[in-house]
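Please open the model in your viewer and keep the sequence beside it, since this tour moves from one selection to the next.

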Amino acid sequence: ISATHFAQIGTTLYIGDASGRVLRLGGTTDNGAAITWSWVSIPFVAESMAQTIRFKRMWLTVDLPTGSSMNVSLSKYVDSDTWESVGSLTAQSDIQRKAIYVASNKVSLAKQLRYKIEGSGPCTIHEIAWEQDTYPVR
């Protein structure tokens, strides 16, 4: 967005751009379409890079309004876009502070693990938790 003008009316901020559009800042949609989002964690490793790890159990505590969706994936790779889907959810009714368990055991014996959470529509993540197993040096 090439913002050229800003205006605040009450508590709402409006932005005018070089194309002549007027955009309202805030809301849960982008011109009526659900907003897509994603987040990728840092890599998690064992005490030694010679060891392997796995997330024995993993869960997220979320608020997900009706119609919103969320996907969780794990990857053994830091520099790759290779992901294993371990869980997805589309809310048929409002979900509030509910623990959502994912199949984290699909990815095991990794030198490092990172996770990606993505979806569309509003979502509040209250907690991301897991139990990690560490295996001996090979």
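Is E131 buried, partly exposed or exposed? In this predicted model, E131 is partly exposed, because its relative accessible area is 26%, and the range for that class runs between under 20% for buried and over 50% for exposed.

With E131 still selected, add K56, which forms a salt bridge with E131, the closest N and O atoms being 3.7 Å apart. This pair links distant parts of the chain, with E131 in strand β13 and K56 in strand β8, 75 residues apart. K56 also counts as partly exposed, at 38% relative accessibility.

Next, select D133 and R54, which form a salt bridge whose closest N and O atoms are 3.2 Å apart. Since D133 lies in strand β13 (residues 124–135) and R54 in strand β8, the pair ties together parts that are 79 residues apart in sequence. Both D133 and R54 are buried. If you now add R57, you have a network of salt bridges that links R54, K56, R57, E131 and D133.

For another of the six salt bridges in the structure, select K116 and E118, whose side chains meet at 3.8 Å, N to O. Here K116 counts as buried, at 14% relative accessibility, whereas E118 is partly exposed, at 26%.

Finally, turn to the largest nonpolar core, which has 20 residues, with M58, L60 and L74 making the most contacts inside it. Two or more residues come from each of β8 (52–64), β9 (69–75), β11 (95–102) and β12 (112–120), and β8 gives the most, with six residues. Select M58 to end the tour: beyond its neighbours within four places in sequence, M58 is in contact with residues including V72, L74, I100, Y115 and W130.

Definitions and conventions. Residues are numbered from 1 along each chain as its sequence is written. This is a predicted model: local features need pLDDT of at least 70, side-chain atom pairs count only at pLDDT 80 or more; totals for chains, interfaces and linings use all residues. Side-chain values use heavy atoms; hydrogens and water are left out. A nonpolar core is a set of buried Ala, Val, Leu, Ile, Met, Phe, Trp, Tyr and Cys residues joined through side-chain atoms within 4.5 Å. Buried means under 20% relative accessible area, exposed over 50%, partly exposed in between (1.4 Å probe, protein chains only). Helices (H or I, at least four residues) and strands (E, at least two) are DSSP runs, numbered from the N terminus. Contact means heavy atoms within 4.5 Å. A salt bridge is a side-chain nitrogen of Lys or Arg within 4 Å of a carboxyl oxygen of Asp or Glu.
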